[in-house]
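User: Please take a close look at one part of this model, its second largest pocket, and then set that part in the context of the other spaces and the strands. I am a first-year student, so a step-by-step account would be welcome.

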Amino acid sequence: MDVLSDVITAMRAGRPAASRARVSGPWCFRFDRYDGAGFHVLLRGTGWLVPEHGAPVPLDAGDVVLVPHGSAHVLSDSPGDRGAVPFDAAVDDPEGRTEFLCGKYRIDRGRTHPLLTELPDVVHLPRRLGRHPDLRAAVDLLAGETTGDRPGRDCVISGLLDLLLVYMVRAWFDEHPGTGWPRALHDSEVAAALRALHSDPAAPWRLEDLAAHVGVSRATLARRFTALTGQPPMAYLTWWRMITAAHLLRESDRPLPAIARQVGYGSPFAFAHAFKRHFGLPPGRYRAGTDTPQPDTATP
């Protein structure tokens, strides 16, 4: 099991969206706080991303920016936000010298994985550094598909947006290999343990079983896993089971007993009790979406 893909799948809600705009003259667009993640690709020209907190970020043609926590920000032709208007008010100018691609992903914050929560508010991936050719290829393909009306366009764009999110996160991980979750995914034993738990969360894992599977002692695995992920292996497993169950409840029509079995619970009653303890409401009400869940704050 690919842990990063698994995490993104569990967090995502609905389909991603993207739009392309060309502008000329002074321009300044506001993006309000969003319950998801946003991104921008500057296709032509130059500009600035002005975050709600922190210093403005200069952008050149080909730069990619991920706003992973949906924080408010501004795109502008200058490092200020004066006179910003909503991006929806942007008028496409065929003669515009500046062109950018903007998109967003809906994310259920109740299912947010610590792998993504540790990303900064703004992830800037400059083209001038000449790295991440896979990300550049995805950007070029996406830019091509957002013009015209070729057959299968919607399907292609949706797939490319999914691909782009993975490449953006992967690029940041590659540039920060010695910290937190990037380090965990590059640590052979911890990464192997994570893959095992994600591949079969229903298995009756014990710490000794997981350590034997990885090939280290219980103490070594517990210490390294906790240091790099922020919680012990068995606590992570319990938490991941609940996140997986929440995804299945909202994104599938599988019956409750089947979901309970898929995440390692022998009875729907035991599963419902664990789920309510974590989210603050029973599985049925969570699936109906009539309440706002309150995840257990003792877990990520």
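Analyst:
**The second largest pocket and its setting**

The second largest pocket holds about 220 Å³ of space. The model under discussion is predicted. Its average pLDDT is 90, and 95% of the residues score at least 70. Confidence reaches its highest mean, 97, in helix α7 (residues 207–214), and its lowest, 88, in helix α3 (residues 133–145).

Which residues line the second largest pocket? Asp 2, Val 3 and Leu 4 are found there, and so are Val 166, Arg 170, Phe 173 and Asp 174. Leu 185, His 186, Ala 191 and Arg 195 complete the lining. By class, this lining consists of six nonpolar, one polar and four charged residues. Four helices, α1 (3–11), α4 (153–175), α5 (180–186) and α6 (188–199), each contribute at least two residues to the lining. The greatest contribution is that of α4, with four residues.

One residue of helix α6 deserves attention here, namely Leu 194. Leu 194 has a relative accessibility of 0%, and it therefore counts as buried. If residues up to four places away in sequence are set aside, Leu 194 touches Val 3, Trp 181, Leu 185, Phe 225 and Tyr 236. Two of these contacts, Val 3 and Leu 185, are among the residues that line the second largest pocket. Another contact, Phe 225, lies 31 residues away from Leu 194 along the chain, yet the C-alpha atoms of the two are separated by 8.9 Å.

The largest pocket offers a second example. Its space amounts to about 400 Å³. The elements that supply two or more residues to its lining are β1 (17–23), β2 (28–31), β3 (36–44) and β9 (98–106). Strand β3 provides the largest share, four residues. There are 21 lining residues, and those nearest the centre are Phe 31, Asp 32, Tyr 34, Phe 87 and Lys 104. The lining is made up of nine nonpolar, seven polar and five charged residues.

Enclosed spaces may be considered next. Rolling a probe the size of a water molecule over the atoms shows where empty space is left. The count comes to two cavities of 30 Å³ or more. The largest cavity has a volume of about 90 Å³, and helices α1 and α4 are the elements that give two or more residues to its lining. Both helices also supply residues to the second largest pocket. Of the 13 residues that line the largest cavity, Met 11, Ala 37, Pro 68, Ile 107 and Leu 116 lie nearest its centre. This lining divides into 10 nonpolar, one polar and two charged residues.

The second largest cavity contains about 50 Å³ of space. Its lining consists of Trp 27, His 40, Val 41, Leu 42, Leu 59, Asp 63, Val 65, Leu 75 and Phe 100. By class, seven of these are nonpolar, one is polar and one is charged. Strand β3 makes the largest contribution, three residues.

Two of these lining residues, Val 41 and Val 65, lead directly to the pairing of strands. Strands of a sheet pair through backbone hydrogen bonds, either parallel or antiparallel. Strands β3 and β6 run antiparallel and are joined by four bridges; Val 41 has Val 64 of β6 as its bridge partner. Strand β6 also pairs with β10 (residues 123–125), in the antiparallel sense and over three bridges. There, Val 65 has His 124 of β10 as its bridge partner.

In a regular strand the side chains alternate between the two faces of the sheet. Within β6 (residues 64–67), Val 64 and Leu 66 point one way, whereas Val 65 and Val 67 point the other way; all of them are buried.

A further sheet is open and has five strands, in the order β5-β4-β7-β2-β8, with mixed pairing. Strands β5 (57–59) and β8 (85–86) stand at its edges; each has a single partner strand, so one side of each is left without a neighbour in the sheet. For β5 there is an antiparallel pairing with β4 (residues 47–51) over three bridges. Within this pairing, Leu 49 has Val 57 of β5 as its bridge partner. The sheet also includes β2, a strand that gives two or more residues to the lining of the largest pocket.

Conventions. Residues numbered from 1 in each chain as written. Predicted model: local features only at pLDDT ≥ 70, side-chain atom pairs only at ≥ 80, totals over all residues. Heavy atoms only, no water. 1 Å grid on protein atoms, 1.4 Å probe; cavity = no way out; pocket = protein on both sides within 12 Å on 5 of 7 lines; lining within 4 Å. Points joined across faces, edges and corners; volume = space filled by probe spheres on them. Nonpolar A, V, L, I, M, F, W, Y, C, P; charged D, E, K, R; others polar. Pairing = 2+ DSSP bridges. Buried < 20%, exposed > 50% of the residue type's maximum accessible area, 1.4 Å probe, protein only. pLDDT = per-residue confidence, 0-100. Contact = heavy atoms within 4.5 Å.
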